[in-house]
Amino acid sequence: MKKNQQGAALVEFALVSIVFFTLLLGIVEFARITFIYNTLTEATRKGARLAAVCSVSSDSIDKVRNVTIFNDINDSGASTAFNLAQNNVEVLYFKSDLSTTVSPGLPDGSAEYDDIEFVRVSIIGFNHTMLIPFFSDTIFKEWAFMTILPSESLGRTSPTNPPVRGCDFPS
C-alpha cells in the first residue's frame, strides 16, 4: 500500500456506511410506521365495536376511550402504549346522514337515541418520532385514525327497552 493511499479505505467505508445505515434505518422505520398505523387503526375498530353496543353515556364513553388506548376498561390513567390519553380519543354518534351528531348522555327513551345510526371512534393528536436523524418527525401529524360502524344495541336488551346495559363486561 502506498503511503499516499493510507486512510482511503476508512473514507470509503465512511461514505458507504452513511448510505447503508440510512437505508437500513429507513427499512426499520417503514416497518415501525406500518406497525403503528395498523395498531392504531385496530384500536379505533375495537373502540367503535364497544361503542356500538354500549349505552350513550359519559361513563360508557370513558370506558370506550380506555379500551381504545389499550387500558383496562375501568382504568382512567394514561396508556403506556404510544403515549395515548383519553383526550386523544374522540367518540361521536351520528344520525343516518352521517353529518348530524347526537349528543352523549341522552335520557332513557329519548327520541334522539332512536336516531343514532352510526358510531365513530377516532384517535387524534398522535405524534410519531422517527429514528432516522435529519428527517421530519411529523409523519402522523395530519393523519386521522378512525372507524365508523353501524350502531347496534347501544346498551339495550331489546329495541323497545330503554338503555340498561352499560359497558360492564370484559373488553
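Okay, let's start with the charged pairs: there are six salt bridges in this structure. Keep in mind that what you see here is a predicted model. I'll walk through three of those bridges, then two polar residues, then a patch on the surface.

Take Arg-32 and Glu-29. These two form a salt bridge, and their closest N and O atoms sit 3.2 Å apart. Why are they about one helical turn from each other? Because they are three residues apart in helix H1. Now, is each partner buried or exposed? Glu-29 has a relative accessibility of 2%, so it counts as buried. Arg-32 comes out at 28%, so this one counts as partly exposed. So here's a bridge with one partner buried and the other partly exposed.

Next, have a look at helix H2, where Asp-59 and Lys-63 are four residues apart, so again we get a separation of about one helical turn. They form a salt bridge too, with 3.6 Å between the closest N and O atoms. Lys-63 is the buried partner here, because its relative accessible area is 7% and buried means under 20%. Asp-59, at 47% relative accessibility, counts as partly exposed.

The third bridge joins Arg-49 to Glu-152, and the closest N and O atoms there are 3.0 Å apart. This pair links distant parts of the chain: Arg-49 belongs to helix H1, Glu-152 to the segment after strand E4 (145-150), and the two are 103 residues apart. As for accessibility, Arg-49 is partly exposed at 37%, and Glu-152 is partly exposed at 47%.

Right, on to the polar residues. Find Arg-120, which is in strand E3, residues 118-123. Would you call this arginine buried or exposed? With a relative accessibility of 17%, Arg-120 counts as buried, because the cut-off for buried is under 20%. What does its side chain do? It makes a polar contact with the side chain of Ser-122, at 3.4 Å. And if we skip the neighbours within four places in sequence, Arg-120 is in contact with Glu-90, Val-91, Leu-92 and Phe-94, and also with Met-146, Thr-147 and Ile-148.

Ser-122 turns up again with our other polar residue, Asn-88: those two are in contact. Asn-88 is in the loop that runs between helix H2 (58-68) and strand E1 (89-94). It has a relative accessible area of 11%, so Asn-88 is buried. Which backbone atom does the Asn-88 side chain reach? That would be the backbone nitrogen of Ala-85, at 2.8 Å. Again leaving out neighbours within four places in sequence, the contacts of Asn-88 also include Asn-83, Ile-123, Ile-124 and Gly-125.

Last stop, the surface. Which residues make the nonpolar patch? They are Val-16, Phe-20, Phe-21, Leu-24, Leu-25, Val-28 and Leu-131, and together they give a patch of about 620 Å². Zoom in on one of them, Leu-25. This leucine lies in helix H1, which covers residues 8-53. Leu-25 counts as partly exposed because its relative accessibility is 31%.

So as you turn the model around, try finding helix H1 and picking out Leu-25 on it. Then look in that helix for Arg-32 and Glu-29, and for Arg-49, whose partner Glu-152 is in the segment after strand E4. That's it from me, thanks for listening!

Definitions and conventions
Residues are numbered from 1 along each chain as its sequence is written. This is a predicted model: local features need pLDDT of at least 70, side-chain atom pairs count only at pLDDT 80 or more; totals for chains, interfaces and linings use all residues. Side-chain values use heavy atoms; hydrogens and water are left out. Patches are made of residues with over 30% relative accessible area and no salt bridge: like charges are joined within 9 Å, nonpolar side chains (Val, Leu, Ile, Met, Phe, Trp, Tyr) within 5 Å. Accessible areas come from the Shrake-Rupley method with a 1.4 Å probe; for residues, only the protein chains shown count as cover. A salt bridge is a side-chain nitrogen of Lys or Arg within 4 Å of a carboxyl oxygen of Asp or Glu. Buried means under 20% relative accessible area, exposed over 50%, partly exposed in between (1.4 Å probe, protein chains only). A polar contact is a pair of N or O atoms within 3.5 Å; within protein, one must be able to donate a hydrogen and the other to accept it, and residues adjacent in sequence count only if both atoms are side-chain atoms. Contact means heavy atoms within 4.5 Å.
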